[in-house]
Structure formats: C-alpha cells, structure tokens
Protein chains: 2
Amino acid sequence: MYTSSEENYLKAILKLSRKGDSPVTTGALAAEMQTTAPSVTDMLRRLAEKQLATYEKYYGVQLTEEGVRIATALVRRHRLWEVFLTEKLGFLWDEVHDMAEQLEHVQHPELIERLDAFLGHPRFDPHGDPIPDAQGRWPERQRQPLSNVEVGGQAVVVGVDDHSTAFLQYLDRLGIGLGVHIAVLERVEYDHSLCVRLVEQGRDLTLSDKAARSLFVELL
Amino acid sequence: MYTSSEENYLKAILKLSRKGDSPVTTGALAAEMQTTAPSVTDMLRRLAEKQLATYEKYYGVQLTEEGVRIATALVRRHRLWEVFLTEKLGFLWDEVHDMAEQLEHVQHPELIERLDAFLGHPRFDPHGDPIPDAQGRWPERQRQPLSNVEVGGQAVVVGVDDHSTAFLQYLDRLGIGLGVHIAVLERVEYDHSLCVRLVEQGRDLTLSDKAARSLFVELL
DNA sequence: TTTATTTTTTAGAAACAACTAAAAATAGAT
DNA sequence: ATCTATTTTTAGTTGTTTCTAAAAAATAAA
Ligand SMILES: [Mn+2]
Ligand SMILES: [Mn+2]
Ligand SMILES: [Mn+2]
Ligand SMILES: [Mn+2]
C-alpha cells in the first residue's frame, strides 16, 4: 500500500509528535531520519498529497487520522517482531532493532495478529516500550526515571530511555535488565550519581546521573 | 547489500537455470517475473556490472558463483520463513508464499541461522521443496510424479509441482497433503486419470492426469 | 536465400527517493 | 525596525526501477 520510506516518515512523525513537539518541524524530522531537510520537504509533500498528513509550508506537519493509524500499526509490528526475536530466537535487546526496522514493513492482513497470539499478546517490548493493540490503543504504565526516586525508595526497572547499543550493553554488564529490583541507597550531591542495590543479586553499584535518567522504573 | 529487485531477479534466474533452460533468456525471465522484456534487459546489465551474472546480448544470462550463492541463500530464507509461518503461526500452505516473498529480503548475518535452529533445521518446506543448508547444499530426495506410479504401487506424497492456491486448496479438500499415503488402484486408459486410495483415511478418489502429474511422491 | 515473424535491445519518459547548492522565509538580536 | 543568523524551500542532479514505442537482431518460413 505505502512504501517503506513513506512508512518510516510516518513513524518518525508519530514518535516526535507523541514526544510533545507538535507540529513536527522539517529540521526535527531530518535529524530523526538522519537525512537532509530537502528530502524531508519532498516527502512531506507526498504524504500530504496522499492525505496521510497535513503540511503547511514553513510551519510543520501533523498526521491525519489515517496517518496515525498507519504509524501506530507500524510501531505495533516493530515491537512485536522485537519480542519475537528476543523471546523465540534468543537475540539480546541491543541486537533486535535493525531487524525489526525491516520486519515491520512486511505487509499482510493476518500476519501480525497471528504473531501477536503466538507471542501471548505481550503488552511491552524488550525495551519496556508499550505495544499498541490491534485497535491502536497504547497500554499505559506509570513509569519515571530512576533519577527521580528518593533515597530509601525501591523500584523495578521497566524500560530505557536510551536505546543505544552502548547503553544496553553497559546495563547487561551491570546486571541491569527489565524486571530487576533496585533499592536507592544514596544520592551523591556533587554529580547526582546514585548508589543503588540490585536486590536479587545482592550487589551494590554506582550509576551516573546520565545513566539514572535513562532508566525507567516503576515504584514499589 | 543488494536491492530486493536485484535479489528477485537472481532468484528467478536460479530457478529457471535449475529447471534446465540455461542460459536463461530475456523472454523467460520476463514471464517468470511478470514484467516486460526491456525491464529485464536493464536489470541483466546491472547484474553483469555487479559481477553477479554473465550476460551476452541476444544470447542469455548465467549466474556467477557469487550470483548462485546469493540466490541460493534467498531460496533458503524464503523456505525457512514458509516453515515458520505454517509450523509456528498456523498458516496453510497456500497462504505463505507472498509473506515469504517479503520476509526473504530481511538482511541480517545471524537471523536466518537462529530461525533455522528454532525450527529444528527442517530440510523441506511446506510444499515439499528442498531447503538449501547454510553452505548452499541442496537436500536430495528421489521423487517422481504420482502419474508415473504403476497400478498396485504405493507411495507417499512429498511435494507439489504446481504451487497455485487453486491446486493447493483442491488438495486440501481431497484430504491430500505432505506425508499422505497413497495406493494406486487403477489407471483409466481413456484420459489417464488415476483411481487411488488414501490409505490412512481409507478413502478412494479419482485424480485427473493433470493433478497426478502435479503431485510428487516417494515410492514405498 | 529472401521474406516474414518473433525476440531482444535501444530510446525516451515517469515515479520515487535521495543529494548539493542557492534562494526565500522565518526567527532572533541589535 | 533593521540587520543577521537560522531554517526551510526551491532548483537542479543522480541513481533505481519501471514502462511504451521504435529499432535492431535473430529465428522461422516461404
Ligand atoms: Mn526498536
Ligand atoms: Mn523496542
Ligand atoms: Mn514460496
Ligand atoms: Mn515453498
């Protein structure tokens, strides 16, 4: 129905507008898509032409209802494939994104619902990100950065804000992953770094403020 | 590395040349790819340029070693995905080809080997077609059309020559699928149709010559 | 061996998706 | 309000993949 390139733009526009920056600017999209501003302008005209977005010159772009529908379905496909790759094929959470970027474009009316059932209808992906359901509804979960938790508080890791391989592999080496139980022991006032205890492993370690702000947790 | 279009042409050239028509002609490729002769000529030049095929004007095309390697890997990916779709997601054998056509182009160094292991290293796909191994070797099986089996002979269905939805759904309705045990009861001389018994179901039926020639069996 | 038919290639064009360089519009600062 | 800096759009180009129409080559027929 739509090209992979069009779909990637729709997904990027949805991501940026859900982050709050709406309407989405040409420059923000160029940065997100790692391309140039003229390429973005071209595509925005095509998306508007196809009624997937409303585009006003020098102002920005917003998805139409149909655009949101398609972009949300893409996020659903991307994240379900990520679950498949980790749960069924044994890939690590830092390895699956690039494959999912390709798999999400596979078109078939029934495929993704079968995959969803095969995976047991997961609500969150390997990075803790919500998976929209078949109707486009997003599961909600009250999560916050670990850096917000007060000293003495306890929480469970439920997501990451930074999806880079470097950060994910660093977390692996520390023994931190989704579901890990963390107790905040101390906050260093000098650089806001955090001393925490991994409750299950019974191991203490120090996290930089940058790392603590990139970890999402649910309070206990 | 290569575009989906290039990969599709490589796969088609491999298919036709394995069928015996080598070198492959522009016309045969145009028919196989459902496109026009000029499009084929263009692509053959590009494939030759990239050392994936040797192409001589007005003569035909042959894959290079690298071309064979890539095309064989594609067939492997296509057929492993077809196994996944039937075995794990519960699709029927007439539903999986179009999805596999898309999935086969997903690029990743480890993905297909992980999928192969997850599926238990199958050697044949849902249509009975051989799945090349990671080194590009094709499993062999001495199979023949059901129409060749003499009266009184017994055989097991191991493949189909016609992959059309119409034929596959017709077989479903008859109760014929891979692994079904067939006994040939009688050959009608008039139109070469075949009276057979489905041994497990204990049911007798008549197959046209066209159908019997499209069914591959292994003799018992 | 000409002639006619079929097949294949060339020529030219269109749609898509990307780019660089230059012009235009907007936003920010004096 | 004017000038400056940034952002965005326009213009022009490239590469890919497809097509139709016309020319050229190969094959088949007379
Ligand atoms: Mn991802
Ligand atoms: Mn993810
Ligand atoms: Mn197939
Ligand atoms: Mn098959």
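1. Contacts to the phosphates of DNA strand C. In this predicted model, the side chain of Arg46(A) places an N or O atom 2.9 Å from a phosphate oxygen of DNA strand C. For Ser5(A), the distance from a side-chain N or O atom to a phosphate oxygen of strand C is 2.9 Å. Tyr55(B) also takes part, with a side-chain N or O atom 2.3 Å from a phosphate oxygen of DNA strand C. Two or more residues of the surface near this strand come from each of α1 (4–18) and α3 (37–49) in chain A, and from each of α2 (26–33) and α3 (37–49) in chain B.

2. The surface near DNA strand C. Around this strand there are 21 residues, of which Thr3(A), Thr35(A), Ser39(A), Arg45(B) and Tyr55(B) come nearest. On the DNA side, 80% of the strand C atoms that come within 4 Å of the protein are sugar or phosphate atoms. The element that gives the most to this surface is α3(A), with five residues. By class, the residues near strand C are eight nonpolar, nine polar and four charged.

3. Contacts to the phosphates of DNA strand D. A polar side-chain atom of Arg46(B) is found 2.8 Å from a phosphate oxygen of DNA strand D. Thr26(A) likewise has a polar side-chain atom 2.8 Å from a phosphate oxygen of strand D. With Tyr58(A) the backbone is involved: one of its backbone N or O atoms lies 3.1 Å from a phosphate oxygen of DNA strand D.

4. The surface near DNA strand D. Here too there are 21 residues around the strand, and Arg45(A), Tyr55(A), Thr3(B), Thr35(B) and Ser39(B) come nearest. Sugar or phosphate makes up 76% of the strand D atoms within 4 Å of the protein, and bases make up the rest. At least two residues each are supplied by α2 (26–33) and α3 of chain A and by α1 (4–18) and α3 of chain B. The largest share, five residues, comes from α3(B). The class counts for the surface near strand D are eight nonpolar, nine polar and four charged.

5. The manganese site in chain A. Which protein residues are donors of the manganese ion (ligand 2)? They are Glu82(A) through OE, Asp125(A) through OD and His127(A) through ND1, at 2.1 to 2.3 Å from the ion. Along the chain these donors have the spacing E-x42-D-x1-H. Glu82(A) bridges this ion and the manganese ion (ligand 1), and the two ions lie 3.5 Å apart. Glu82(A) sits in helix α4 (residues 65–87) of chain A, whereas Asp125(A) belongs to the loop between α6 (111–118) and β3 (144–145), so this pair, 43 residues apart, links distant parts of the chain. Glu82(A) has a relative accessible area of 2% and is therefore buried. Asp125(A), at 3%, is buried as well.

6. The manganese site in chain B. The manganese ion (ligand 4) has as its protein donors Glu82(B) (OE), Asp125(B) (OD) and His127(B) (ND1), lying 2.1 to 2.3 Å from it. The donor spacing in sequence is E-x42-D-x1-H. Glu82(B) coordinates both this ion and the manganese ion (ligand 3), with 3.5 Å between the two ions. Because Glu82(B) lies in helix α4 of chain B and His127(B) in the loop between α6 (111–118) and β3 (144–145), the pair ties together parts that are 45 residues apart in sequence. Glu82(B) and His127(B) are both buried.

7. The surroundings of His78(B). This residue is part of helix α4 (residues 65–87) of chain B. Is His78(B) buried or exposed? Its relative accessibility is 7%, so His78(B) counts as buried. Its side chain makes a polar contact, at 2.8 Å, with the side chain of Glu104(B). Apart from neighbours within four places in sequence, the residues in contact with His78(B) are Lys11(B), His97(B), Ala100(B), Glu101(B) and Glu104(B).

8. Cysteines. How many disulfides does a search of the whole structure find? The search over all chains finds zero. Cys195(A) has a relative accessibility of 17% and so counts as buried, the cut-off for buried being under 20%. Cys195(B), at 18% relative accessibility, also counts as buried.

Conventions:
Residues are numbered from 1 along each chain as its sequence is written. Chains are lettered from A and ligands numbered from 1 in the order in which they are written. This is a predicted model: local features need pLDDT of at least 70, side-chain atom pairs count only at pLDDT 80 or more; totals for chains, interfaces and linings use all residues. Side-chain values use heavy atoms; hydrogens and water are left out. A disulfide is a pair of cysteine sulfur atoms within 2.5 Å. Buried means under 20% relative accessible area, exposed over 50%, partly exposed in between (1.4 Å probe, protein chains only). A residue is near a molecule or strand if one of its heavy atoms lies within 4 Å of it. A polar contact is a pair of N or O atoms within 3.5 Å; within protein, one must be able to donate a hydrogen and the other to accept it, and residues adjacent in sequence count only if both atoms are side-chain atoms. Helices (H or I, at least four residues) and strands (E, at least two) are DSSP runs, numbered from the N terminus. Ala, Val, Leu, Ile, Met, Phe, Trp, Tyr, Cys and Pro count as nonpolar, Asp, Glu, Lys and Arg as charged, and the others, Gly among them, as polar. Donors are N, O and S atoms within 2.8 Å of the metal (3.2 Å for Na, K and Ca); water is not among the atoms, so sites may look incomplete. Contact means heavy atoms within 4.5 Å.
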